[in-house]
Each structure stands twice: as structure tokens, then as C-alpha cells.
Amino acid sequence: MTVVSEYFDALARRDVEAMAELWAPDGDEHIAGQVDAVGPGGVREYFTEFFAAFPDFALEVRSTVTEADRSAVHWTAVGTHLGSLWGVEPTGARVTFEGIDLLEVRDGLIVRNDAVADTLSIARQLGLVPA
């Protein structure tokens, strides 16, 4: 199993500690419009908050393409908004969204992830913007 597949397996299980272990100390996690986190601590902090907001979060990897030390992962996710996140109080809404992550791995650890998730779909499903 590759580092990237281990990472997404841990993400699907909502296992923040297993996710954090796969990051380089100075690894850069950039999720457009959501977070810029550094290293295992930053990843742990962000996803602990995210999983508290969506405690039933479920993720499915749709496709992965790998070339040398970089992988692109297309995924879909669902979850129920039961906790505060991004300044938004719980709505109880069930959301479905998708995204793409571009990860770089060096020496068996993730050193960079540039991710884009469809936050407009999330905002619409939470009732924050018109459909």
C-alpha cells in the first residue's frame, strides 16, 4: 500500500492520528479556501475540527493517478453537519461533495498536498447560499 492510499484509507476511517503520522514535520497541507496547515500538528488540528463537525463523514476514492512522487486523487464524500465549522453552527444537513487532492511524497512522508473541495456545493446544502 502506498503512502497516498494509506492516507486516504485513514481519512475514510476518520483516523486523525494515522493521517498525521504520514506527514513530514514541515509538510504543507493547502485546502483551497479552507486551511493552510503545517505538518502533522496542523493536519491533526484541522481534521479533528472537521470530523467533529461531520462525525459520520464517509469518503470514497473514485480514482488515483500517480507519476513519480506525485499523486492526484479524485474523491467524493458525504456527512451530516452536526458541529460548528468555519463559523457555521450545526444545521443537521446531510451534504455530498467532491474534490481533488494533489499530493507529493518524499522519503515515505507527505510533503505537500494541494486540495480543492467543492465548498460551493457544501455551502448550498447548508443553506448558506441560494441553490
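Mentor: Two strands are said to pair if DSSP finds at least two bridges between them, the strands themselves being DSSP runs of E with at least two residues and the helices runs of H or I with at least four, numbered from the N terminus. The model is predicted, so local features are taken only at pLDDT of at least 70 and side-chain atom pairs only at 80 or more, while totals for chains, interfaces and linings use all residues. Residues are numbered from 1 along each chain as its sequence is written, and side-chain values rest on heavy atoms, with hydrogens and water left out.

Trainee: What makes E1 and E2 a pair, and in which sense do they run?

Mentor: Four bridges join E1 and E2 in the antiparallel sense, and since a pair needs at least two, the condition is met. One position to inspect is His30, whose bridge partner in E2 is Asp36. The hairpin of E1 and E2 has three residues between its strands, and there Gly33 takes a positive phi near 75°.

Trainee: How do you know that E6 pairs with E1, and what is the direction?

Mentor: E1 and strand E6 (residues 109-117) are joined by five bridges and run parallel. Within E6, Arg112 is the bridge partner of Asp28, and Ala115 is that of Ile31. E6 is also joined to E5, by eight bridges in the antiparallel sense, with Leu102 standing opposite Asp114 in E6.

Trainee: What makes the phi of Asp107 worth a remark?

Mentor: Most residues other than glycine have a negative phi. Asp107 is not a glycine, and yet its phi is positive, near 55°; the residue lies in the loop between E5 and E6, a hairpin with two residues between the strands. Ala68 is a further case, with a positive phi of about 55° although it is not a glycine, and its place is in the loop between strand E3 (58-67) and E4. Just after H1, Arg14 likewise has a positive phi, of about 60°.

Trainee: Why is Ala68 called exposed, and what does the relative accessible area of Asp107 make of that residue?

Mentor: A residue is buried under 20% relative accessible area, exposed over 50% and partly exposed in between, with a 1.4 Å probe and protein chains only. Ala68 has 77% relative accessibility and therefore counts as exposed, and Asp107, with 78%, is exposed as well. Arg106, in strand E5, has 44% and is therefore counted as partly exposed.

Trainee: How do you know that the span of H3 is close to what is expected?

Mentor: The expected span of a helix is 1.5 Å times one less than its number of residues. H3 (residues 39-53) has 15 residues, for which 21 Å is expected, and its first and last C-alpha atoms are 22 Å apart, so the span is close to the expected one.

Trainee: What puts the buried residues of H3 on the same side?

Mentor: The buried residues of H3 are Gly39, Gly42, Val43, Tyr46, Phe47, Phe50, Phe51 and Ala53. They lie on the same side of H3 because they cover an arc of only 145° around the axis, the arc being that of the directions from the helix axis to the C-beta atoms. The face turned away from that buried side carries the exposed residues Glu45 and Ala52. Among the elements that cover the buried residues are helix H1 (3-13), strand E4 (70-80) and strand E5 (94-106).

In H1, Val3, Val4, Tyr7, Phe8, Ala10 and Leu11 are buried. Their arc is only 155°, so they too share one side of their helix.

Trainee: What is called a cavity here, and how many of 30 Å³ or more does the search find?

Mentor: On a 1 Å grid over the protein atoms alone, a cavity is a set of points where a 1.4 Å probe fits but cannot get out, and lining residues have an atom within 4 Å of a point. One cavity of 30 Å³ or more is found in the whole structure, and the largest cavity holds about 200 Å³, a volume being the space filled by probe spheres set on grid points that are joined across faces, edges and corners. Its lining has 20 residues, of which Ile31, Phe47, Trp75, Phe97 and Ala117 lie nearest the centre. H1, E1, H3, E5 and E6 each give two or more residues to that lining, and the largest share, four residues, comes from E6.

Technical notes: Contact = heavy atoms within 4.5 Å. 1 Å grid on protein atoms, 1.4 Å probe; cavity = no way out; pocket = protein on both sides within 12 Å on 5 of 7 lines; lining within 4 Å.
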